[in-house]
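Colleague: I would like to go through the labels on this model. For each one, tell me the rule and the value behind it.

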Amino acid sequence: ALLVGAEITAHAGLLTEQRMPIDLDSWCSYSTEKQIVVRHRWAGILYYSCCLFVLIYVVAVQIIANQGFTAFQALSGTVKGSFLPPASLSPVDSLHYCNQSAKRRGAAQPCVSWDASLTTQTYSNALLVGTRVTRRLQRRNASCGELQYGCAPWFQAPDDVVSAYVGDVESGTVLVQHSVSSQSALSLLPGGRDALDSFGPRKPATLTGADGTTVATVPCDGQRSEHDPRCGKGRGDLFTLGQLLAAAGVDLDAPSLSSVGETKRSAGVTLILSVDYRANLLTRSADYSYLVNASRLEAKATFFGSFASTFGAVPNATREVFSLHGVQLIFEQSGGLTSFDFFTLLLTFVSGLALVSISKSITNTFLLYLAPRRNEYRLFLRSQTPDFAPANQAERRALADLVASKRRKRAICDGQPAAPEQSTEQPVVSPLAPLSEEPTAPLRAGSRAE
């Protein structure tokens, strides 16, 4: 009874195993590369030297020099600039561009004093300080109706134009105020967000020009300072317009690059003033500086004085149109916050590991093409298959034997009965060979095969 039960159990297990539709070992198989160990000292020295070079490059250049372990977060905020006229004007004889000067030269024009409502225009993240102002008086064209198409409603008389320079504008001062947006990471810095704002603890900031020269700004703390009364009650960083122009390498009396026949004082010039933030949570340091560069664009603004609309204007109505050319300051913010980031460090290491494949490629190139015994190395580094398009009987026999051998090894690995080994002496018929003209007739029932 025990033997019969054991046979029934074994038979049931065999049936269960045969009924399994999926072979998990085959579906979940793992493929890996086959490695060949080349016992050659120069090949090993070349490979490990390349790996050492990759390691030094990743650690010294990518991680240390390029700070491949940090994450950078840009900081944003607002910047505001205001212009203050000089407390005392320079003598007019020292202004060679003024008609009133005894030393005038070139295309001199009458000079006027600075007027806040006329010679300065403030925009969002920009400031225009006028160097030349032009007033044009336009008159209403009585021959044009209010709704008449193709007729100019206003005309300009040549004698109704007045142009003048703003005298000694370079001695005026620019007060810059800026602030960064509140972020939780800034609270980790000593002093918090105030360490990066112009409203924080005051210390001289640096102004760096296009040629690398630096100028120290005047810190204003919001109180009238006996050291520099130009600050007034404002808080921020103060520097003269002449310092900005010198740092940017701009000469207002040089020819304009955007208007032919005019100087930069006449046509205007654009300066880009950037506030560069440098905050580091690793060193717990925070600072900022100013960078200034010149643009080739001219600076001009047009606005109305006494304005009269085209609609409803009397026939003899007039209006004033002012054109203000000058130094336009465009404010920008750059730089940001640097902090440690593990994923950036991990990505740096992973990219460094990808360079190890270059070491293998260099070593393989040496063994296969440059080494003295490269022909012998190729026998071990390269595997060659038989010709799958045999041209003669010997190649057909070699292909059939190798394929049969591979199939027997695969059957043994899969746990299947291997096919009996055929003798290589038997001729192997190519699949493309024609069939025999006299096929063997099937045996009849009860007959013998001779």
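Modeller: A salt bridge is a side-chain nitrogen of Lys or Arg within 4 Å of a carboxyl oxygen of Asp or Glu. This is a predicted model: local features need pLDDT of at least 70, side-chain atom pairs count only at pLDDT 80 or more, and totals for chains, interfaces and linings use all residues. Residues are numbered from 1 along each chain as its sequence is written, and side-chain values use heavy atoms, with hydrogens and water left out.

Colleague: What makes R278 and D276 a salt bridge?

Modeller: Their side chains meet at 3.6 Å, N to O. The limit is 4 Å, so the pair counts.

Colleague: How many salt bridges does the rule give?

Modeller: Seven.

Colleague: Why is D276 called buried?

Modeller: Buried means under 20% relative accessible area, exposed means over 50%, and partly exposed lies in between (1.4 Å probe, protein chains only). D276 has 16%, so it is buried. Its partner R278 has 39%, so R278 is partly exposed.

Colleague: What makes E262 and R132 a pair that links distant parts of the chain?

Modeller: They are 130 residues apart. E262 is in the loop between helix 4 and helix 5 (264-267), and R132 is in strand 5 (residues 126-140). Helices (H or I, at least four residues) and strands (E, at least two) are DSSP runs, numbered from the N terminus. The two side chains meet in a salt bridge at 3.6 Å, N to O.

Colleague: Buried or exposed: what is R132?

Modeller: Buried, because its relative accessibility is 9%. E262 has 28%, so it counts as partly exposed.

Colleague: What links R265 to D253?

Modeller: A salt bridge, 3.1 Å from N to O. R265 sits in helix 5, D253 in the loop between helix 4 and helix 5, twelve residues apart. R265 is buried because its relative accessible area is 3%. D253 is partly exposed because it has 29%. Together with E170, these two residues form a network of salt bridges.

Colleague: Why is S101 called buried?

Modeller: Its relative accessibility is 1%, so it counts as buried. S101 lies in the loop between strand 2 and strand 3 (111-112).

Colleague: Which residues is S101 in contact with, leaving aside neighbours within four places in sequence?

Modeller: V92, D93, S94, L95 and H96. Contact means heavy atoms within 4.5 Å. A polar atom of the S101 side chain also lies 3.0 Å from the backbone oxygen of D93.

Colleague: What makes strand 2 and strand 10 edge strands?

Modeller: Each pairs on one side only. Two strands pair if DSSP finds at least two bridges between them. The open sheet has four strands in the order 2-7-11-10, with antiparallel pairing. Strand 2 covers 77-84 and strand 10 covers 218-221.

Colleague: How do you know that strand 10 and strand 11 pair?

Modeller: They share four bridges, against a minimum of two, so they pair. P219 stands opposite D237 in strand 11.

Colleague: What packs on the sheet?

Modeller: Helix 4 (residues 241-248), touching strand 2, strand 7 (173-180) and strand 11. Its direction makes about 65° with that of strand 11. Axes are lines fitted to C-alpha atoms, for helices over the stretch in contact, and angles run from 0 to 180 degrees between N-to-C directions.

Colleague: What is the average confidence?

Modeller: The protein averages a pLDDT of 81, and 81% of the residues score at least 70. pLDDT is the predictor's confidence in each residue, from 0 to 100. Over residues 1-6 it is below 50, with zero contacts beyond near neighbours in sequence. Over residues 428-450 it stays under 50, with four contacts beyond four places in sequence.

Key
A polar contact is a pair of N or O atoms within 3.5 Å; within protein, one must be able to donate a hydrogen and the other to accept it, and residues adjacent in sequence count only if both atoms are side-chain atoms.
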